[in-house]
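Hi everyone, thanks for having me. Please get the viewer open on your laptops, and stop me whenever something is unclear.

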Amino acid sequence: FTVVPQGSQTRIGIDRDLDGVFDRDELDGCSEPADAGSVPGDWTDLGSGLAGLHGIPVFSGCGTLAAGDPIKLSLTGARENTSAHLFVGVSALNAPFKGGTLVPSPDFMILFLPTGPTGTINLSGTMPGGLPSNFSLYLQYWINDASGPVGFAASNALRGITP
């Protein structure tokens with residue numbers, strides 16, 4: 001048992017900044033649980049991954065998507081020492097591609113990112129300004145992987161929405 005002063009149970013136990021978002025959810029969403037102004041971003045896992053050597057690679061996003069705020073994109077579980085290609089779109093295409101489903105419209109691509117010896121990619125930066133509120137971005141990795149149906153594996157797709 002943990003004993004705390006009457007009335008402070010929520011603040012001490014599960015929501016130390018009393019912003020209505022539980023501390024663990026804030027940590028998982030890359031925000032600071034002790035700062036009421038820092039809340040997790042609006043990222044949604046859209047699925048549509050395609051298994052490769054290690055199963056379906058996992059793609060996650062962190063950050064609020066507010067202009068100037070930091071964001072982090074992480075890929076794990078991909079084939080080691082190969083190339084991955086990040087597709088970014090402003091709409092969902094959901095088209096058949098390489099034995100799976102390409103979720104984002106391919107409006108922007110970052111090609112040949114190395115997965116390294118751990119099969120991971122971590123990208124970080126700041127969210128650009130000028131995007132309207134409630135603007136959606138769709139992202140998905142496609143990884144060169146001979147174990148995939150047509151020589152590729154795909155991560156789950158993500159949808160991020162600006163506040």
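I'll start with the whole chain, then go to one strand, a pocket, and a few loop residues.

One thing before we start: what you see is a predicted model. So let's look at the overall layout. The protein chain has two helices and 11 strands. If you walk along the sequence, you meet both helices ahead of the strands, in the pattern α-α-β-β-β-β-β-β-β-β-β-β-β. There are 163 residues in the chain, and 39% of them are buried. The chain exposes about 8500 Å², with 58% of that coming from carbon and sulfur atoms. Now take the contacts between residues at least 6 apart in sequence: 59% of them join residues at least 24 apart.

Okay, please find strand 9, residues 136-144. How many of its nine residues are buried? Eight of them are, so strand 9 is largely enclosed by the rest of the structure.

Which strands does strand 9 pair with? Let's go through them. With strand 4, residues 83-89, strand 9 pairs in the antiparallel sense over six bridges. If you want a spot to look at, click on His85, whose bridge partner in strand 9 is Trp142. Strand 9 also pairs with strand 11, residues 157-161, again in the antiparallel sense, over four bridges. There, Ser136 has Ile161 of strand 11 as its bridge partner. And then there's strand 10, residues 152-154, which is antiparallel to strand 9 over three bridges. For that pairing, look at Ile143, which stands opposite Ala153 in strand 10.

A quick reminder while we're on strands: in a regular strand, side chains alternate between the two faces of the sheet.

Next, the pocket. How much space lies in the largest pocket? About 300 Å³. It is lined by 17 residues, and the closest to its centre are Ile71, Leu73, Met127, Pro128 and Leu139. Strands 3, 4, 7, 8 and 9 each give two or more residues to that lining. Strand 8 gives the most, with four residues. What classes of residue are in the lining? There are 14 nonpolar and three polar residues, and no charged ones.

Let's do a hairpin now. Strand 5, residues 92-97, and strand 6, residues 100-104, run antiparallel and are joined by four bridges. Phe97 stands opposite Gly100 in strand 6. The two strands form a hairpin with two residues between them, and Lys98 in the turn has a positive phi of about 50 degrees.

Lys98 brings me to two other backbone angles, both in loops. Ser48 is found in the loop between strand 1 and strand 2. Ser48 isn't a glycine, yet it has a positive phi of about 70 degrees. Leu65 is in the loop between strand 2 and strand 3, and its phi is positive too, near 70 degrees, again in a residue other than glycine. Are these two buried or partly exposed? Ser48 is partly exposed, with a relative accessible area of 32%, whereas Leu65 is buried, at 3%.

Two more loop residues and I'm done. Pro33 sits in the loop between helix 2 and strand 1. Pro33 has a relative accessible area of 2%, and the cut-off for buried is under 20%, so Pro33 counts as buried. Check its distance to Arg16 as well: the two are 17 residues apart along the chain, and their C-alpha atoms are separated by 6.5 Å.

Finally, go to Asp145, in the loop between strand 9 and strand 10. Is Asp145 buried or exposed? Asp145 is buried, with a relative accessible area of 2%. What is Asp145 in contact with, leaving aside its neighbours within four places in sequence? The list is Gly52, Leu53, Arg79, Gly151, Phe152 and Ala153. You may remember Ala153, the residue in strand 10 that stands opposite Ile143. As for Ser83, it is 62 residues from Asp145 along the chain, and the C-alpha atoms of the two are separated by 8.6 Å.

That's my tour, so over to you for questions.

Technical notes:
Residues are numbered from 1 along each chain as its sequence is written. This is a predicted model: local features need pLDDT of at least 70, side-chain atom pairs count only at pLDDT 80 or more; totals for chains, interfaces and linings use all residues. Side-chain values use heavy atoms; hydrogens and water are left out. Buried means under 20% relative accessible area, exposed over 50%, partly exposed in between (1.4 Å probe, protein chains only). Two strands pair if DSSP finds at least two bridges between them. Contact means heavy atoms within 4.5 Å. Accessible areas come from the Shrake-Rupley method with a 1.4 Å probe; for residues, only the protein chains shown count as cover. On a 1 Å grid over the protein atoms alone, a cavity is a set of points where a 1.4 Å probe fits but cannot get out, and a pocket is an open set with protein on both sides within 12 Å along at least five of seven lines; lining residues have an atom within 4 Å of a point. Grid points are joined across faces, edges and corners, and a volume is the space filled by probe spheres set on the points. Ala, Val, Leu, Ile, Met, Phe, Trp, Tyr, Cys and Pro count as nonpolar, Asp, Glu, Lys and Arg as charged, and the others, Gly among them, as polar.
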